[in-house]
Amino acid sequence: MAVDKKTIQIDENHIQTIFGQYDKNIRKIEKTFDITYVYRGDGLILEGEETSVAKAERVINDLLIISNNKKEITDQNVDYAIRLASDGDGGKASDLEKDDELICHTLAGRPIRPKTFGQKKYVDAIDNNMIIFGTGPAGTGKTYLAMAKAITAFKKGDVERIILTRPAIEAGEKLGFLPGDLQSKIDPYLRPLYDALYEIMGAESFQKNMEKGLIEVAPLAYMRGRTLDNAFIVLDEAQNTTESQMKMFLTRIGFGSKAIITGDQSQKDLAHGTKSGLDIALRVVRNIEGIAICNLTSKDVVRHPLVQKIVEAYEKYDSKKTRNTSLPKR
């Protein structure tokens, strides 16, 4: 095993940013790649197995670019830079921190931008197509990025209204036990859409636009019989649509509109034996021009790193289960 030693020149003004609070960033890099580090003057010395040192050096140089651009280094930046270096992917985490990747800001001033290259591909597809399917596991930002793009288009005047919808498959007996009118019963199932609207647009602005009919949040059943022109439409939890519901939705889209359909194909709540409208649509429309399909993966999970590990563990479990059920019985 070849041992290597590398020195990276880092101005002391950037050391605290790169090392992180209580040196948590550099310690994570040290532990991940099994290297040692020493900082002397303006030089950071890395020592360890040659390949590991090269990967650690790549991560630190990536974080240095972010720091040089006067951007805050987040835990997500560090985790993604480590993952890119570990996997040998060509991109750099710093590429996603460029100003032209910015979508908008939250009401609190937090910038919203793609945080992985899978998310960047998804956002680019939204810009360049009329209908976009975004699939993938929980935590990949499918819905949140769609909401950010919808609100941005609305504020710019690119569309006249925003329509947000989800299938309320529990609209039978389960919802009946909840108190209140129909809107009160379906609101819990639409809560993730409300949360994103409040964070990006603000509750007061949302309420005003909703009262004017410029923003509509409704269950999918309310879309039947309508033609949706000059609107930005987001269909969330599409894995829980039936074939007829998905066909109905796709044929509602009118001139000047853009539609994003998001769903996690591993988390269906449909009745046993019911085929998912999302699964069928992905096969039926995949070759139609103007429609893009983006498949986000566990690599695009931007929640806590533990969530990413959980998603990957379930993917392995599901893969193993599929292999076992496909084996011929003796």
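Colleague: Does D34 count as buried or exposed?

Modeller: D34 counts as exposed, because its relative accessibility is 66% and the cut-off for that word is over 50%. Keep in mind that this is a predicted model. The residue is found in the loop between α2 and β2 (36-40).

Colleague: What is the phi of D34?

Modeller: The general idea first: most residues other than glycine have a negative phi. D34 is not a glycine, yet its phi is positive, at about 55 degrees.

Colleague: Which phi does Y22 have?

Modeller: Y22 also is not a glycine, and its phi is positive, about 55 degrees. Its place is in the loop between α1 (12-19) and α2. Y22 has a relative accessibility of 73%, so this residue counts as exposed.

Colleague: Let us turn to strands. How many residues of strand β10 are buried?

Modeller: In general, side chains in a regular strand alternate between the two faces of the sheet. For β10 (residues 258-263), six of its six residues are buried. On one side these are K258, I260 and T262, and on the other A259, I261 and G263, which leaves both faces covered.

Colleague: In which sense do β6 and β10 pair?

Modeller: Strand β6 (residues 131-135) pairs with β10 in the parallel sense, over five bridges. Within this pair, I132 of the one strand stands opposite I260 in β10. Strand β9 (residues 231-235) also runs parallel to β10, and four bridges join them. Here I233 stands opposite A259 in β10.

Colleague: Which helix makes a β-α-β unit with β9 and β10?

Modeller: Helix α10 (residues 243-250) does, and the unit it makes with β9 and β10 is right-handed.

Colleague: Now the interior. Which residues have the most contacts inside the largest nonpolar core?

Modeller: As a rule for soluble globular proteins, nonpolar side chains tend to be buried together. In this model the largest nonpolar core has 35 residues, and Y122, L164, L197, V217 and F232 have the most contacts inside it. Among the elements that each supply at least two residues of this core are α5 (117-128), β7 (161-166), β8 (215-219) and β11 (291-295). The element that gives the most is α6, with eight residues.

Colleague: How do I read empty space, and what is the volume of the largest pocket?

Modeller: A probe the size of a water molecule, rolled over the atoms, shows where empty space is left. The largest pocket has a volume of about 680 Å³. Its lining has 30 residues, with G139, G141, T143, Y144 and R303 nearest the centre. β5 (111-112), α6 (142-156) and α8 (182-200) are the elements that give two or more residues to this lining. By class, the lining of the largest pocket holds nine nonpolar, nine polar and 12 charged residues.

Colleague: Which element gives the most to the lining of the second largest pocket?

Modeller: That is α4, with seven residues. The second largest pocket has a volume of about 540 Å³. It is lined by 20 residues, and K28, D79, P305, Q308 and K309 are the closest to its centre. Ten of the lining residues are charged, five are nonpolar and five are polar.

Colleague: Which residues line the largest cavity?

Modeller: They are Q76, N77, Y80, A93, L96, E97 and K115. Three of these count as nonpolar, two as polar and two as charged. The space in the largest cavity is about 30 Å³.

Conventions
Residues are numbered from 1 along each chain as its sequence is written. This is a predicted model: local features need pLDDT of at least 70, side-chain atom pairs count only at pLDDT 80 or more; totals for chains, interfaces and linings use all residues. Side-chain values use heavy atoms; hydrogens and water are left out. On a 1 Å grid over the protein atoms alone, a cavity is a set of points where a 1.4 Å probe fits but cannot get out, and a pocket is an open set with protein on both sides within 12 Å along at least five of seven lines; lining residues have an atom within 4 Å of a point. Grid points are joined across faces, edges and corners, and a volume is the space filled by probe spheres set on the points. Ala, Val, Leu, Ile, Met, Phe, Trp, Tyr, Cys and Pro count as nonpolar, Asp, Glu, Lys and Arg as charged, and the others, Gly among them, as polar. Buried means under 20% relative accessible area, exposed over 50%, partly exposed in between (1.4 Å probe, protein chains only). Two strands pair if DSSP finds at least two bridges between them. A crossover is right-handed if, with the strands pointing away from the viewer, the path from the first strand over the helix to the second runs clockwise. A nonpolar core is a set of buried Ala, Val, Leu, Ile, Met, Phe, Trp, Tyr and Cys residues joined through side-chain atoms within 4.5 Å.
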